[in-house]
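Biologist: Got a minute to walk through this model with me? Put it up and I'll start asking.
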Amino acid sequence: MEWFSRNLPYLLAGISVGGQYALIAIGYTMVYGILRLINFAHGDIFMVAGLIMIYASTVMPMYISIPLVLVATVVIGFLVERVAYKPLRSAPRMSIMISAIGVSYLLQNLALYITGGLAQQYPAIPWISDTITVLGATTKRVTVITPFLTIILVIALVALIKYTKIGMAMRAASKDFETSQLMGIKINSVISMTFIIGSFLAAVGSLLFFTNYTGVTPTVGAMPGLKAFVAAVFGGIGSIPGAVIGAFIIGICENIIKGMGWTTFSDAFTFALLIVILIAKPTGLFGEKSTDKV
Amino acid sequence: MKKRVLAVLLSAAVAVSMVAATAATAFAADTVKIGVYEPASGDNGAGGKQETLGIQYANSVQPTVEIDGKEYNVELDIVDNESSNDKGPSAASKLVSDGVSVVLGSYGSSVAIAASDIFKQGGVPAIGVTCTNPQVTQGNTHYFRICFLDPFQGTVLANFASDKFKAKKAYVLTKQGDDYSAGLGHYFTKAFEDAGGEVVSDTFPEGNSDFASYVTTAKNEGADVFFAPVSTEAAALIIDQAASQGLEAPLLAGDTWDSNVILNAAKGKNLQLYVTTFYQEGGNKEFDEGMKEFVNSDSTNKANNGGNDTIAAVSAMGYDAYFTALEALKGAGSTDPAKVNEALWDVQYDGVCGHIEFDKENGDAVRDTAYVKQANTETGAWEFVGEQGIK
């Protein structure tokens, strides 16, 4: 029992950070599933959501600023796609990837310009940032809420993709981009919807992540973004359940490794694990086998 | 074709403006330039801005210097080294090519070490303001320093931990690849173990913002003190985690934590926090008042100081560094960097943080006391605990 209560905090931290990675990873995996594009700017959208919250909460109450963060992040995600990716739809895939890297640095540098480069303190959101005790471990309430909220959102998303018309369109577009266009699917609105969902989840992820880890800097999105991307690849890129499970595995693994005292290697282990999985199963845990069409 | 014409026109315009700029500096003969090599962004941005503020305030107090019977205007040439070992050297090269007579900075020992060779090759002397790692001045004759060193500071902190808290076990958390953090952690560990204590150490990588597991480990190990010589950005996150997990051991840290970033993070939280530092607010009334007025007079200054007028020790040190540089210029009787470098060895100056004089071996300041302060988490202000020397 004592062993359990000593080690529970590591597990809790792992599950919670895993849930936050999952929310970001979905954005990567959905965009990849449809556009075959690795959206490098996604981690920075996550960071921008954090900054919007900081500035919004100084001038308006929480019940306005939280919805505002969600809406503003969605608008930014939508605009990024329209401005930086849509004009390049028929260009070689490499060009659009470079464009994504450009957007990433643009957002980071804009944030650097606006904040002056200093870490901004994230506001405490009432209720979820209260300190609570779970089975003898003291932590913030958000740690416990995150995995549940993540799972609810993922179930809602899977339902949306399975049972709605736009969901069907998304599935069609991810199977075959050109044919679905010929079948009368408005491909632009499908893609916009993908970015809207991805950005919305990133915004929710940022609310949860920064409530626990309260400093926002212009480059704060880089590491969670990278880990979420790894999680998406790990689970099989293009697969939503894969991304979520991959994210939880990575979050829990890295915290257990820290708990075992190998803090110096926690990131190295995470990425080594990725290599091992990919060698054993090149398409990731849930990835589809790619069949070459002749 | 049109594009090509535009390109030619643009490059011509750039060339003209560059020539104009060089010409302008060449004609202003009565100006002496002091380079300010400080981070304004990145991990150490907050501290670097406060140090720069102290230098700017000193410049506003004393904007001229008499060198060899002639009055010179002092111009500050401020560059941002972005707290980064890769970007620091290019910022340093800019100072060298701008023709500065002496350089002040940097906050953060890593970037100071990274730029050291650039200054050496350029023949420009540098005065470290608050970079406490021994390697900054070791084995060279152009880098000086006005603050105390990490072996001293680490020992002070270790002594303080055993004197004040009767600590037997310490948890030491440092950042990978950060010379300041690793150095101070090492000297603390050494002194603490020599005194019969036990140390558990951990490191975290660059860009890490999840400190939950580290705090848990410190709690599980039953550490009596939590020592974290890290940048203020990581510090704010550690403080938050420590408070939300109800860490009972006091947090100890070195000079970097003496910043209102820390006070803001700790305000309203239930924890104990102690730092060692160079200067205690209230140590020099005239300086305090002037500095506060300078900070309050301008909204940018206030933002750079973290949004209020609490005086950081690094600002006081920046102030002293500026006057030390002026003394060196006077002593050299010339704006030639090589002469200034020679004159620096003999400079003596009584600043707001105490007497400054360099030893003849490495060019380090001779210092034997540090101030210890505690954060009052209710009012969000520093409280003076006492002076601590080494045993």
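Biologist: How many Å separate the centres of domain 1 and domain 2 of chain B?
Modeller: This is a predicted model, and in it the two centres, taken over C-alpha atoms, are 27 Å apart.
Biologist: And which residues go to which domain there?
Modeller: The domain assignment of chain B gives 30-148 plus 285-358 to domain 1, and 150-277 plus 371-388 to domain 2.
Biologist: How many residues are in contact between the two domains?
Modeller: On the domain 1 side of chain B there are 20, in contact with 19 residues of domain 2 of chain B. The elements giving two or more residues to that domain 1 side are α2 and α4 (109-122) of chain B. By class, the domain 1 side divides into 13 polar, six nonpolar and one charged.
Biologist: Since α4 of chain B came up, what's going on at the peptide bond from Gly105(B) to Ser106(B)?
Modeller: That peptide bond is cis, with omega near 5°. Ser106(B) sits in the loop between β4 (102-104) and α4 of chain B.
Biologist: OK, backbone again: what is phi of Asp68(B)?
Modeller: Near 50°, which is a positive value in a residue other than glycine. Asp68(B) is in a loop too, between β2 (64-67) and β3 (70-80) of chain B.
Biologist: Switching topic. How many residues of chain B are in contact with chain A?
Modeller: 28 residues of chain B, and they touch 29 residues of chain A. On the chain B side, the elements that give two or more residues are α2 (45-61), β8 (198-204), α7 (212-221), α8 (232-244) and α9 (260-266). That side has 15 polar, nine nonpolar and four charged residues.
Biologist: So α2 of chain B is on both lists?
Modeller: Yes, α2 of chain B gives two or more residues to the side that touches chain A, and α2 of chain B does that on the domain 1 side facing domain 2 as well.
Biologist: Over to chain A, then. How do α2(A) and α8(A) cross?
Modeller: Helix α2 (residues 42-59) and helix α8 (residues 187-212) of chain A have axes that come within 8 Å and cross at roughly 55°. That angle is why α2(A) and α8(A) count as oblique to each other. The crossing is right-handed.
Biologist: Which residues meet there?
Modeller: From α2(A) you have His42(A), Ile45(A), Phe46(A), Ala49(A), Gly50(A) and Met53(A). They meet a set in α8(A) that includes Gly198(A), Ala202(A), Gly205(A), Leu207(A) and Phe210(A). The residues of this contact divide into eight nonpolar, six polar and no charged.
Biologist: And at what angle do α10(A) and α11(A) pack?
Modeller: Helix α10 (residues 240-259) and helix α11 (residues 266-280) of chain A pack at about 140°, with their axes 9 Å apart. So α10(A) and α11(A) are oblique to each other too, and α10(A) passes α11(A) in a right-handed crossing.
Biologist: What does α10(A) bring to that contact, residue by residue?
Modeller: Ile250(A), Cys253(A), Glu254(A), Ile257(A) and Lys258(A), which meet Ser266(A), Phe269(A), Thr270(A) and Leu273(A) in α11(A). By class, that contact has five nonpolar, two polar and two charged residues.
Biologist: Last thing: what is the mean pLDDT of chain A?
Modeller: It's 89 for chain A, with 98% of its residues at 70 or more. Among the elements of chain A, helix α3 (residues 62-85) has the highest mean pLDDT, 95, and strand β3 (residues 137-140) the lowest, 83.

Methods
Residues numbered from 1 in each chain as written. Chains lettered and ligands numbered in written order. Predicted model: local features only at pLDDT ≥ 70, side-chain atom pairs only at ≥ 80, totals over all residues. Contact = placed C-beta atoms within 7 Å. Helix = DSSP H or I, 4+ residues; strand = E, 2+ residues; numbered from the N terminus. Nonpolar A, V, L, I, M, F, W, Y, C, P; charged D, E, K, R; others polar. Axes fitted to C-alpha atoms, helices over the stretch in contact; angles between N-to-C directions. Parallel < 35°, antiparallel > 145°, perpendicular 65-115°, else oblique. Left-handed = near helix turned anticlockwise from the far one by under 90°. pLDDT = per-residue confidence, 0-100. Domains from an automatic or database assignment.
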